[in-house]
Amino acid sequence: MTHFPFARFARATRSSDWRGYSRHEFARHGLRHHGRRGRIFEQGDLRYVLLRMIADKPSHGYELIKDIEDRLGGAYSPSPGVVYPTLTLLEELGHIRAVQSEGARKAYEITDEGRAALEKNTRVVDEIFRRIGEVADRLGAQPPHQIVRAMENLRLALRLRLERGKLSEQQIADVAAALDGAAQTVERE
């Protein structure tokens, strides 16, 4: 009988946790939680983060979400429900504009008004990115989040497969060969 690891899933997705990190781990890494759901950025910080990132490189919303996640070592990824309304606000303020991009995604570039807003708030923006850098430095001693995710996926896949029933000799050999091959690849890198 297959058992879904619901308890672990529920723990990892509680509103008090972000990406498997507890409130206490966030505090230890210099991140702030406010209220029940928690916030990484103070009021208005995300606006400046997005504006600076778009100034560095015209991007679409998904790229910006992934870039923030990477900058914070996977500890936090802003939801599309926060990023896209902020992009709309920046566009309405005249700080960014949509540009032609490949596919259906809308990319944004900074405007002169956006550059002026960044210049006017240079100290604030630099402080936000300094805090992001500190968090990334503290998290840098941990394995990259992509590797942790892949290890968790492998562990779950193995457990679910083994719980389905006995493996044939060929299946055992195939799984062992795949794991040995992955181990050799990791050792070579």
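Let me start with helix H8, residues 145-163. At 1.5 Å a residue, its 19 residues should span 27 Å, and the C-alpha atoms at its two ends are 27 Å apart, so expectation and model agree. I say model because this structure is predicted. Just after H8 comes glycine 165, which takes a positive phi of about 140°.

Now to helix H3, where I will spend most of the time. I'll take its partners in turn.

H4 comes to begin with. H4 covers residues 61-71, and its axis and that of H3 come within 11 Å and cross at roughly 105°. Angles from 65 to 115 degrees count as roughly perpendicular, and H3 and H4 are therefore roughly perpendicular to each other. On the H3 side, the contact uses Leu46, Val49, Leu50, Met53, Ile54 and Asp56; on the H4 side, Leu64, Asp67, Ile68 and Arg71. By type, that is 7 nonpolar residues, no polar ones and 3 charged.

Next is H5, residues 80-92. H3 and H5 pack at about 70°, with axes 10 Å apart. That angle makes H3 roughly perpendicular to H5. H3 contributes Leu46, Arg47, Leu50, Leu51 and Ile54, and H5 contributes Val82, Val83, Thr86, Leu87, Leu89 and Leu90. The split here is 9 nonpolar, 1 polar and 1 charged. If you are following on the structure, Leu46, Leu50 and Ile54 are listed for the H4 contact and again for the H5 contact.

Then H6, residues 112-120. The axes of H3, residues 45-56, and H6 are 10 Å apart, and the packing angle is about 120°. That makes H3 oblique to H6. The crossing of these two helices is left-handed. Which residues of H3 and H6 meet? From H3 they are Tyr48, Leu51, Arg52 and Ala55, and from H6 they are Gly114, Ala117 and Leu118. In this contact we have 5 nonpolar residues, 1 polar and 1 charged.

Last, charge pairs. Side chains of opposite charge can pair when their charged atoms come close. How many salt bridges does a search of the whole structure find? It finds 10. One to look at is between the side chains of aspartate 45 and arginine 131, at 2.7 Å from N to O. Aspartate 45 is in H3 and arginine 131 is in helix H7, residues 122-139, so this pair ties together parts that are 86 residues apart in sequence.

To recap H3: it is roughly perpendicular to H4, roughly perpendicular to H5 and oblique to H6, and its aspartate 45 pairs with arginine 131 of H7.

Key. Residues numbered from 1 in each chain as written. Predicted model: local features only at pLDDT ≥ 70, side-chain atom pairs only at ≥ 80, totals over all residues. Heavy atoms only, no water. Axes fitted to C-alpha atoms, helices over the stretch in contact; angles between N-to-C directions. Helix = DSSP H or I, 4+ residues; strand = E, 2+ residues; numbered from the N terminus. Parallel < 35°, antiparallel > 145°, perpendicular 65-115°, else oblique. Left-handed = near helix turned anticlockwise from the far one by under 90°. Contact = heavy atoms within 4.5 Å. Nonpolar A, V, L, I, M, F, W, Y, C, P; charged D, E, K, R; others polar. Expected span 1.5 Å × (residues − 1). Salt bridge = Lys/Arg side-chain N within 4 Å of Asp/Glu carboxyl O.
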